[in-house]
Each structure stands twice: as structure tokens, then as C-alpha cells.
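Here are a few exercises to work through with the model open beside you. Try each task before you read its solution.

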Amino acid sequence: MSPIPRRSLLKAAAVAGAAARFSWALGAKDAQAAPGAEAADADPVTLDWLEDGGLGAAPGSTVGVPWPMGAFRAGQTFALTDEGGEDVPVQSWPIAYWPDGSLKWTAHAVSSGSGTLTLAAGDAVAPDKKVTVSTGGGTVDVSTGVISVKIGKNGSTLVKSVTRGSTEIARNGRLVLVRQPEIEDEDQGTVKTERFDGAIDAVTVEQEGPVRAVVRIEGKHRKGNRSWLPFSIRLYFYAGADSFRMVHTITYDGTQEPGRASGDFIRGLGVRFSVPMRDEAYDRHIRVGGEGTGLLREAVQGVTGLRRDPGAAVQAAQYAGQRLPDPSTWDQRVTTRLQYIPHWGDYTLAQLSADGFTLRKRTKKGHGWIAAGGGKRASGFGYVGGASGGFSFGLRDFWEKFPAQLDIRDAHTDEAEVTLWLWSPEAQPMDLRFYHDGMGQDTYAEQLEGLEITYEDYEPAFGTPYGIARTSELLFWANESTPAPETLARQVEAVRTLPQLTAPPRQLIKAKVFGPGLYSEPDRSTAAKAKIEDHLDFLFTYYKDQVEQRRWYGFWDYGDFMHTYDTVRHQWRYDIGGYAWDNSELSPDLWLWYAYLRSGRPDIFRFAEALTRHTGEVDVYHLGQWAGLGTRHGVQHFADSAKQQRISNTTYRRFYYFLTADERVGDLMAANVDSDETFLVLDPLRKIRTDPYTPDRHALSVGFGTDWSGLVSAWLTEWERKGPKWEKAKARVLSTMEGIAAQPNGFVQGSGLYDLDTGKFATAAAPVVSVSHLSAVFGLNELCAELIHLVDMPKFNEVYFDYCRYFNATKAEQAARYGSNFGTLLLFQGHSRLDAYAAVQTGDETLARRAWTKFYSSDGYTESSPWKTEPLSGPVTLVAGSEASWVSSNDTALYGLAAIENLALLGDKMPS
């Protein structure tokens, strides 16, 4: 993909924590650490901003930076400088280690700086205004040097106060949940609701400065004796900032049953603050974000547009948000009649679809609403306050994750109230009931028949939302007075696009992270290479455009896209079983992240970020019997009965975590460390087994493809991060690699019996040939490339290279090697990247030629594919746009990965 220049830049650095070296005593004698780098490259790294504008009005940014093996030992400190060579304060810490104990990834937090920033070994300068954290008494007190925030340790008030100097700007920050116990499908019945408040169970200080502090709050929403809808809140603070960030996660644990009107239907889900109002009504200001950086700019008591003019200077000052002159200096025809000018205390902006918002206001409760405007897509930003201070607030992805809403209440009183609704109470209740009644699919035989017609793997009671999650991001500013319009615009921009510092592609490639040699910077030096780059650009642009055209938005849907197109209806198959939502099928997450790694393109990063936020939360269970498993593609993200490791695969989360050090994604990865226990609960092959099978913790059937790749990615990540279970995780990485290597047919054996207690595979007594076209297309090649780089285990390398060599071989070659062929296979183009990888690793020129042959001339996309869209308009389609009816998400993911990896590995061996 062609790079898009990024112009504004910044930088970061910091102090890395000490870590013990890894012990390699476990396992067979050939399970040794891969050799360390002999001449590691520890050159300074230039960091850049993903988009223009630098840090802007955001509180700060955190970036992950990779280092070549052996470059820096644990305990290394880092310094950051700007373009002029001036020191920039930075906080640094390790987030991953190489097997030799050297630093693999370090995270760096900044709260200042402009232009490009240079990160190098050295001692960090301290910020003038440090972040400090105090945990004494009944609160956790955080100061950025500009604002102070008191965080509750118990009860329902998460944020007790936000002060700037001696002025309290906001107080009583809490979580609000509105439950509707019954849903009516028609126009009958009475709607009743009940409110739950977030109640704190635990508070943890995860970082405490000097540049960045993080406080985690966990609990549930409670009313009376009932507690439900667990939440995890993280508050982020940066040195010298007048703002803070909230990352808000809920996990659904209610009951909604298909065919039943009663259940736990969420009617509203929000974050609420109280804001003290000290100024006169004419010096109190309301700001509500509209389209772009547009704003509704009003006063609680307006003095513009009246029949009598208070004076041009007075009107201009009020519109600017400045304190007005004493009313005695105004035209007295206005001053003496101030009591007759209404006070507008309540405002509501509701975004109930991706295409429209409405704005209204009223004087106070019990009086009628007045329309105040509307538009298409609101920024999700608001402000309430006055000349003596005010509170700005914003919800990221506001319209993309509709239905959302902003409320300001009682701004005419001594205390206003603001609510950021993640789910608008004016929308229909959150209905997560399964979408059909089963249609008589009561037995496995009937369910397999259903699979044959709609591609949906149905099973009663499996299409449940219990345990899925969603994360939202919010920003808050404590302003010393009503900000100027330019400052408000910068705050709006920070809400819409959170500034992100980045390491350049060349550093990622040099450090050999995410599979050495699997990606390289875009290269258009030959016609053949340029054509593939054009194809990659086309595919990404098409999907980005389809998200907009098909309105793939919504609280639970945003970030994902569809699986397969219906050429007759000129529509993606959104309502047909396994052809609907994609749910990471065949690893589009990897396609997008590798596309970003090689290009540094901000549009690809943001697309992949939204996908990661979605697939890691919504498509995976975090509570209940299937915690640790994900759901196969379907009409609803949780609908299909195939609950598998291949969807919860930690591989898909690693990129975003290591590039940003995002703690929530870190939680998701850590939660998967023990997901091998899920094989006791659910047999993924239960519907197609011909032999009796009862899960036995000492002999669990685990596949070497989609199953093991999901498990080993979680173990590898825990080991690299040196998490609480890293030693167990390391042991399982090595022992399962050894177990696969010891099988009579290696990976071709297909599966093995796994012992949960020892973490080892039993060695089969006889060779078996069991190969699936799916085994390697959920990140296996990318993981094995990492493992082979990290672990010196020749036998494992041998069996993996063998698998790569023979998947795309002829049936005769397969039979000659293994005694029988692999049967009917698919996805040869996608597997060409396995040919390419093994060709480079083994020096096999024949395999290198075959890689390009299978890429160009097997299945999937070819050079003769149209590589263009056709226009669509009424009456054949709902919304005018375009289609590429020949495109499917399976083929796109496979082509994208094969193109990226083949170009990197064998770009110098392309056919002429």
C-alpha cells in the first residue's frame, strides 16, 4: 500500500523497569533460546504523530517502541528530545522482553512536545508539573500539577471532585444504567424502567507518574440487592494536563431469551458528572458539538437578539464566552428587564442513527422542549460552565457507535448535571435476543443440514450475549473559564481523533517484531510490484468505503464488516447465517495490521484500531462457561454455536497492544492465558466426531492449527510481557512445540491429546494425515515465524517447514511424503505465503517459484479480476454507491496477507 505522508510529529521515551533473565531449563535439550543479536542496533528512534496536529488538546499519548534483540538490557533508561534538541519529559517502562532478557518493546508516555521527537538511551528529564498519586484516606488523589482529582474507593461515586487551583470544576462522577424489564414488540403495554448506579468493588493504582498515572476502578451496577453489568474503568492522567481520559468497559451478564418479552434490556447507559455553577446566568455558557468542529454557542440567559440592545461589546463578549461587564454599564432598558429573559437550563443532543442528530433545549423540567437545530453526525462534545470555570466532555466514536446522547440539565441552578450516554435512553432498548426460533434444529444432524443451507452453525441456547463486552473512550477537561472557540475546536478534534504517537515502519522492520521478514515497506520499483501495491490499495479503500455506504455502524457493530456479498440483491449477506458479520474469519485483523506496520498509514491504523476494539470485546466471551472463546461469523456477533479459540486469538490483539501499550487490550490478552481450560467445557468438533469422545483433562483433543495457534499466542504474549503467569506460559509454549515436533507426522498429524496439568501433547502411536485448509489461516504462519525466531528448536522448524512445503504440493507429492494425500483443499493463494516463508528459511528455489505461481494462478484474486467497482443507484440499491461483486472478505484477507508477506520475503524473485 502506498504510504500517505504524515506531517506533524512528536516523541517519547522513558525509564525501563528491571527484569530477570529468562531461564531455559524446561523441555527437551533442543529447546534453547535463539541466539542473541551479535551487533544489536540501538540507534535513536524518531517518533511521529499519526495525524497532523500533534498532541493538540489531549492530555497525553503513549507509544510502544520495539528494539532489536540484545539492543538494551532490562533497566535501560530513555530520554526524549524535540527537533531543537531540547529535553522532553517522558515516562518509560518495559512491555515485552526477548528470550535473552533484553528489551523487546518499551512504552513511552508524553504530555508535551511538538514536531518530531527523538528517543534514545539516556536519563529522562522530569516534567515541571509532575503527576502525583496519593492513596491515603478514603480517596485516591491524583494531581497533574494543573488539576486535582479525588477518586472514590467505595460507594457509587467514582470521581468525587475535579478541581483546578482552588475552584471545584466538577464533582460526583458516577455511572448510570437504566434497565427496562420488559420490551414490547408492538404498540401495546406500559414502559417501566429502573435505574442502577455503578458501585465500586476495587480500586487499583496501576501507574503513579511522573508523566502518566493510571487508576483502575472495577465494580457492578447496583440497585437494592441486585448487582449486574460489571464495569472496568481506567482513568488516565498526564503531567501538566488540564484534562483526563476515561476508558469505560461493560460486560453484559443479563438475561434475554428469544421469544420472551421480559429480560434485562438496557434502556440507557451513561457517565454522569455534576458541575457547580457560580456565575450569573448571563455568564454561564453552553457549548454543544455539531458537525466537524461546529458548535452551538449559547448562554443560559442570552442577551443577544433581544428587542433592546445591551450594547455591541456586551453581545460580543457573551458570544465569545467572556465575562460580561457589570450590568449597570449596559443599556438600562435591558438591565432593568433581565428578570424577564428566560434561563435555559436543559439541553439534549441525541444521535439515534449514524446519519442524524437532533438538538433541543428547555428552560427547566416540566416545561416544553424547543428545537435548537440538528444535523448529520455530531462530534460528541459538550461544555457547561461560566466565566469562573467549566467542564468540557466528549465521547469518542459518538455517531459511529450510535445510539448516543449528551444531556445537560439544571444549568440555571447552583449545580448542573451532564450525562454522556453511551446508549441513549431515547433509543429503543438494547435488544440482544437471538434472532430466530431455531426452526426445528434440535439435533446435530438437523443443525448440520441448516449449516448446508444458510452456513449458520446453530445450536439451542448457544446464541447468547452473556459475557460479551464493549469498551468506550471519553475525555474531560477542567477549564479555568469558558474556553475560546479555537480551544474548544481543539478539544473537539481530540475527542474525534485521539492523538497517537508512533514508531516508524523502518523501526518495526529493523526490530524484527511480528515475524521477521514478513513485511517490508511499500515498493513500486517494478511494474509487478506496483500492480500488487495498487491492488492492496484498492481493497483497503473498498472496505473503508463499504463501511460508510452500508452503514456498518452501531454500539455493538462498529469496527466489523461483512463476510460475503449477495450479487443478486447487490447487498452484503447481512441476514444469511455465516455469511453476515465477519468476526475475524481468516484473519482480516492480520491483513490490516500488517498493512499498517509496513506503511504507517493513519487511515489503516484507525480502521484496524476499530476492528481490534470490536473483535476483542464483542466477538469474544469474557464471562460465563465460554469465557476465553470467540464466536464464528454470523448474523449477530454472538449467534453462531461455534465458540472457538480461533476467534479469541490473542494474535489479533498483540499489534494494538504493543503499538500503544493499551491496558484494556492487555487485559484481554492476559485473560486468555488459561483458555486451554475451555476444551474441558466445549468440544469444538462435537457435531462431526464419528468416534466416542468425552473431554478428559489429561487427554483433550486439541488441533495443531486453529486451536493451538490461539492458545500459543496467549502463552507467548504472557511470556514476553512477563505477566503473573509467564513461567507457566513459557513452559506451555516450549512443551507444546516439542509435542507437535514429536508427532509421527508433525503438523500434518492434525491434532493431539493435550494434558492440562502438564501442558504437553501425548505422542501418537501411529501417523495420521489430517490437514484442513483452515489450520494455518488464523495466524499460524505469523506465529510460527515469531516462534522460530525466538526458540532454537530444529525439530519444530523441520515439521513446520514440511507442512508449508506440502500443503500446496501435488497430491502425488503429498502421498509420496506421508503415505496418503491431503484430500480436497482450498485457499491455495493464501497458503502461498507459507511457501514463501519456507522457501526463505530453507533456501528452496523451487518453493520460491511455487509461491508466486500459487499467488498468481490458483484461487482467490487474480490479475484478471476486475480490480474496480461498479456504480450503484436506485432502484437496485438502498443507498447510492458502488459495488465490487467479485470481492469477498475471505479472499481479501488471504490475498492481503499473501501479497504483503510474499513481497517482503520474495520480492526479489518475482516472475518476469
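The exercises below use a predicted model, and each task is followed by its solution.

**Exercise 1. Helix H7**

Task: Check the span of helix H7 (residues 588–599) against what its 12 residues should give, and work out how far the rest of the structure encloses the helix.

Solution:
- Start with the span: at 1.5 Å a residue, H7 should cover 16 Å. The C-alpha atoms at its two ends lie 17 Å apart, which agrees.
- Next, look at burial, where the cut-off is under 20% relative accessible area. Pro-588, Trp-591, Trp-593, Arg-598 and Ser-599 are among the buried residues of H7.
- Counting them up, 12 of the 12 residues are buried, so H7 is largely enclosed by the rest of the structure.
- Finally, step past the end of the helix: Gly-600 follows H7 and has a positive phi, near 70 degrees.

**Exercise 2. Two helices that cross**

Task: Describe how helix H10 (residues 651–660) and helix H11 (residues 663–670) meet.

Solution:
- Take the axes: they come within 9 Å and cross at roughly 145 degrees. The crossing of H10 with H11 is left-handed.
- Now find who touches whom: H10 contributes Arg-653, Arg-654, Tyr-656 and Tyr-657, while H11 contributes Val-665, Gly-666 and Met-669.
- Sorted by class, this contact holds 4 nonpolar, 1 polar and 2 charged residues.

**Exercise 3. A sheet and its helices**

Task: Lay out the open sheet of 3 strands, then find the helices that pack on it.

Solution:
- The strand order is S3-S7-S6, with antiparallel pairing.
- Strand S3 (61–66) and strand S6 (91–97) stand at the edges with a single partner strand each, so one side of each has no neighbour in the sheet.
- On average, neighbouring strands are turned by 25 degrees against each other, ignoring direction.
- S3 and strand S7 (residues 103–110) are joined by 6 bridges; Val-63 has His-108 in S7 as its bridge partner.
- H10 packs on this sheet, touching S3, S6 and S7, and its direction makes about 110 degrees with that of S3.
- Helix H13 (residues 706–721) also packs there, touching S6 and S7, at about 135 degrees to the direction of S6.

**Exercise 4. One residue in its surroundings**

Task: Is Val-159 buried or exposed, and which residues beyond its neighbours within four places in sequence does Val-159 contact?

Solution:
- Locate Val-159 in strand S12 (residues 159–164).
- Its relative accessible area is 1%, so Val-159 is buried.
- Its contacts are Val-149, Lys-150, Arg-171, Asn-172, Gly-173, Leu-235 and Phe-273, leaving aside those neighbours in sequence.

Technical notes: Residues are numbered from 1 along each chain as its sequence is written. This is a predicted model: local features need pLDDT of at least 70, side-chain atom pairs count only at pLDDT 80 or more; totals for chains, interfaces and linings use all residues. Side-chain values use heavy atoms; hydrogens and water are left out. Helices (H or I, at least four residues) and strands (E, at least two) are DSSP runs, numbered from the N terminus. The expected span of a helix is 1.5 Å times one less than its number of residues. Buried means under 20% relative accessible area, exposed over 50%, partly exposed in between (1.4 Å probe, protein chains only). Axes are lines fitted to C-alpha atoms, for helices over the stretch in contact, and angles run from 0 to 180 degrees between N-to-C directions. A crossing is left-handed if the near helix is turned anticlockwise from the far one by less than a right angle, and right-handed if clockwise. Contact means heavy atoms within 4.5 Å. Ala, Val, Leu, Ile, Met, Phe, Trp, Tyr, Cys and Pro count as nonpolar, Asp, Glu, Lys and Arg as charged, and the others, Gly among them, as polar. Two strands pair if DSSP finds at least two bridges between them.
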